[in-house]
Every structure is written in structure tokens, then in C-alpha cells.
Amino acid sequence: MATTEECRAALEKLSANMQNAEGDVRDAAVLDRSVSCHITDLDVTFAGRMAGGRIHVHDTLQGPPREKAQIRLSMTGDDLIALVDGDLHFAKAWGSGRVKLHAGVRDLLHLRKLL
């Protein structure tokens with residue numbers, strides 16, 4: 001089972017990948033939205049903002065998200081690490097329910113380029 005520190009490092013890696021993206025992926029990465037990622041097996045939520053092509057984590061909270069972010073992810077720590085490392089395909093994980101993503105329709109259209 002992944003630790004809180006490993007999950008935070010995975011989010012930092014995802015943020016760096018977004019910063020270095022090009023083309024359509026780069027266009028999608030420049031959304032300015034509140035974001036949360038709930039790690040279900042640790043019952044920890046990383047809350048912050050996606051802005052300037054990066055994810056800025058401002059808080060690490062115990063339990064589920066306290067506020068409704070514009071983009072909300074929920075998954076296990078191991079799945080987060082596997083997604084970021086490229087060992088787990090987002091569409092398969094989302095389709096099987098391993099990963100949950102909640103966002104507005106417009107945001108989902110932009111995010112599909114990232115994921």
C-alpha cells in the first residue's frame with residue numbers, strides 16, 4: 001500500500017509532466033480549476049488548484065474532501081502511482097470504477113486530452 005508521501009510525490013510528478021506537455025495536452029493542462037484527490041485506502045485528500053499548467057497542492061487533509069472542488073478524483077494510492085507511472089490506463093481504470101473523476105462537462109472534454 002502506498003504511503004501519503006508516495007502519493008504526494010506522484011501528484012508532483014503528474015504536475016511536472018503537465019508542465020512539460022506540448023500541443024493539445026498542454027492546452028488542456030492550462031485550465032484554472034480547484035482540484036482534489038481523495039486517496040481512499042489512506043482516507044487522505046490532497047486539495048489545491050490546477051493553474052498555469054501545474055497542480056498546486058495546498059492542503060493534505062484527513063478524510064474525504066471538505067469542499068467540493070471543480071475537479072475531483074478518487075482512487076487508491078497504488079492506483080494513483082500506477083496511473084502516473086504509466087502502468088495503469090486511465091480509461092480502463094475509470095471504466096472499471098477503480099478511479100472516479102467528477103467535473104463539469106466542459107472540463108471533462110479538456111481533461112480527456114490529459115488523461
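This report covers the internal cavity, the nonpolar core and strand β4 of a predicted model.

**Cavity**

The structure contains one cavity of 30 Å³ or more. The largest cavity has a volume of about 70 Å³. Its lining consists of Leu11, Leu14, Val35, Ser36, Cys37, Phe46, Ile55, Val57 and Leu73. Three elements give two or more residues to this lining: α1 (4–19), β1 (33–39) and β3 (54–62). The largest share, three residues, comes from β1. By type, the lining residues divide into eight nonpolar, one polar and no charged.

**Nonpolar core**

The largest nonpolar core has 28 residues. Those that touch the most other members are Cys7, Ile39, Phe46, Met75, Leu80 and Val99. At least two core residues come from each of α1, β1, β2 (44–51), β3, β4, α3 (77–85) and α4 (90–95). In soluble globular proteins, nonpolar side chains tend to be buried together.

Phe46 appears in two of these lists. It lines the largest cavity, and it is among the core residues that touch the most other members.

Ile39 deserves a closer look. Not counting residues up to four places away in sequence, Ile39 touches Cys7, Val44, Phe46, Met75, Thr76, Gly77 and Leu80. Of these partners, Cys7, Phe46, Met75 and Leu80 are also named with Ile39 among the core residues that touch the most other members.

**Strand β4**

Strand β4 spans residues 71–75. It is mostly covered, with four of its five residues buried. It pairs with β1 and with β5 (residues 100–102), as set out below.

| Strand pair | Sense | Bridges | Residues standing opposite |
|---|---|---|---|
| β1 and β4 | parallel | five | Val35 and Ile71 |
| β4 and β5 | antiparallel | three | Arg72 and His102 |

Val35, which stands opposite Ile71, also lines the largest cavity. Leu73 is another lining residue.

**Ser74**

Ser74 lies in strand β4. Is Ser74 buried or exposed? Ser74 counts as buried because its relative accessible area is 19%, and the cut-off for buried is under 20%. Leaving aside neighbours within four places in sequence, Ser74 is in contact with His38, Thr40, Arg98, Val99 and Lys100. One of these, Val99, is also among the core residues that touch the most other members.

How values were computed: Residues numbered from 1 in each chain as written. Predicted model: local features only at pLDDT ≥ 70, side-chain atom pairs only at ≥ 80, totals over all residues. Heavy atoms only, no water. 1 Å grid on protein atoms, 1.4 Å probe; cavity = no way out; pocket = protein on both sides within 12 Å on 5 of 7 lines; lining within 4 Å. Points joined across faces, edges and corners; volume = space filled by probe spheres on them. Nonpolar A, V, L, I, M, F, W, Y, C, P; charged D, E, K, R; others polar. Buried < 20%, exposed > 50% of the residue type's maximum accessible area, 1.4 Å probe, protein only. Contact = heavy atoms within 4.5 Å. Core = buried A, V, L, I, M, F, W, Y, C linked by side-chain atoms within 4.5 Å. Pairing = 2+ DSSP bridges.
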